[in-house]
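Here are my notes on the model you sent over. I've kept them as numbered points so you can go through them with the structure open.

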Amino acid sequence: MTAGDFNGDGKPDLAASISGDRVAVLLGDGSGGFAAAVTYPPGGSAPGSITVADFNGDENTDLAVVNSSSRNVGILLGNGAGGFEPVVTYGAGGAQSGDITLADFDSDGKADLAVANSDGRNVGVLLGNGTGGFEPVVTYPMAMWPIR
């Protein structure tokens with residue numbers, strides 16, 4: 001689960017990966033309540049870790065969700081009114097993709113993603129292009145489990 005302002009009203013909203021291979025978005029009312037959930041396809045099966053950023057520079061909050069069984073990351077670009085464009089997917093670089101995080105790994109001012117791939121024993125890094133897209137994943141090996 002993650003929080004962001006998906007409809008630009010200054011009030012926190014929620015997004016969560018849920019069973020049935022969906023992402024649920026609940027728009028907040030600013031007093032602790034939320035509107036009924038609206039769901040979106042995440043671009044694969046077994047959605048899990050989810051994060052928010054403005055991936056295309058339009059000042060709307062976007063979503064990135066890891067689809068573990070599909071070995072991909074689904075990008076849902078926000079429309080600024082609480083909805084999302086159709087999902088676009090990118091390879092995550094390994095099997096059983098799990099946690100996702102974002103940072104500007106290449107110092108170009110654009111949000112990039114990193115995905116932990118447990119069965120692949122690697123981290124997949126996707127560099128953002130600033131228009132909502134990502135370069136092909138590059139993987140970096142991790143130590144054998146468990147890490148001590």
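1. Let me start with a proline on the outside. P136 counts as exposed because its relative accessibility is 65%, and the cut-off for exposed is over 50%. Keep in mind throughout that this is a predicted model. P136 sits in the loop between β11 (122–126) and β12 (138–141). Its C-alpha is 8.5 Å from that of V125, and the two residues are eleven apart in sequence.

2. Now for an aspartate in the interior. D112 belongs to strand β10, which covers residues 112–117. D112 is buried, yet it has no salt bridge. The nearest side chain of opposite charge is that of K110, 8.3 Å away, whereas a salt bridge would need a side-chain nitrogen of Lys or Arg within 4 Å of a carboxyl oxygen.

3. So what does the side chain of D112 reach? One partner is the backbone nitrogen of G128, at 2.7 Å. Another is the backbone nitrogen of D106, at 3.4 Å. Leaving out residues up to four places away in sequence, D112 touches T101, L102, A103, D104, F105, D106, L126, L127, G128 and F134. Both D106 and G128 are thus found in that contact list as well.

4. Next, the N-terminal strands. Four of them make an open sheet, ordered β1-β2-β3-β4, with antiparallel pairing. β1 (2–4) and β4 (38–40) are the edge strands, each pairing on one side only. On average, neighbouring strands of this sheet are turned by 30 degrees against each other, direction ignored. As a general reminder, strands of a sheet pair through backbone hydrogen bonds, either parallel or antiparallel.

5. You can check the register here residue by residue. β1 is joined to β2 (residues 13–18) by three bridges, and the two run antiparallel. T2 stands opposite A15, and A3 has L14 as its bridge partner. β2 is in turn joined to β3 by five bridges, again antiparallel, with I18 partnered by R22.

6. The turn between β2 and β3 deserves a look at its phi angles. This hairpin has three residues between the strands, and G20 takes a positive phi near 85 degrees. D21 also has a positive phi, of about 55 degrees, although it is not a glycine. D21 lies in the loop between β2 and β3 (22–26) and is partly exposed, with a relative accessible area of 33%.

7. A46 is another non-glycine residue with a positive phi, near 60 degrees. You'll find A46 in the loop between β4 and β5. With a relative accessibility of 32%, A46 counts as partly exposed.

8. Which way do the side chains of β6 point, and are they buried or exposed? D62, A64 and V66 point one way, L63, V65 and N67 point the other way, and all are buried. Because six of the six residues of β6 are buried, the strand is largely enclosed by the rest of the structure. In general, side chains of a regular strand alternate between the two faces of the sheet.

9. β6 has strand partners in β5 and β7. Five bridges tie β5 to β6 in antiparallel fashion, with T51 opposite A64. Five bridges also tie β6 to β7 (residues 72–76), and this pair is antiparallel too. Here N67 stands opposite N72. The hairpin of β6 and β7 has four residues between its strands, and R71 takes a positive phi near 60 degrees there.

10. Last one: T61, in the loop between β5 (47–53) and β6 (62–67). T61 has a relative accessible area of 17%, so it is buried, given that buried means under 20%. Its side chain reaches the backbone oxygen of D5 at 3.1 Å. Not counting residues up to four places away in sequence, T61 touches D5, F6, V52, A53, G78 and F84. Of these contacts, V52 and A53 fall within the range of β5 (47–53).

Definitions and conventions. Residues are numbered from 1 along each chain as its sequence is written. This is a predicted model: local features need pLDDT of at least 70, side-chain atom pairs count only at pLDDT 80 or more; totals for chains, interfaces and linings use all residues. Side-chain values use heavy atoms; hydrogens and water are left out. Buried means under 20% relative accessible area, exposed over 50%, partly exposed in between (1.4 Å probe, protein chains only). Lys and Arg count as positive and Asp and Glu as negative; His and the chain ends are not counted. A polar contact is a pair of N or O atoms within 3.5 Å; within protein, one must be able to donate a hydrogen and the other to accept it, and residues adjacent in sequence count only if both atoms are side-chain atoms. Contact means heavy atoms within 4.5 Å. Two strands pair if DSSP finds at least two bridges between them. Axes are lines fitted to C-alpha atoms, for helices over the stretch in contact, and angles run from 0 to 180 degrees between N-to-C directions.
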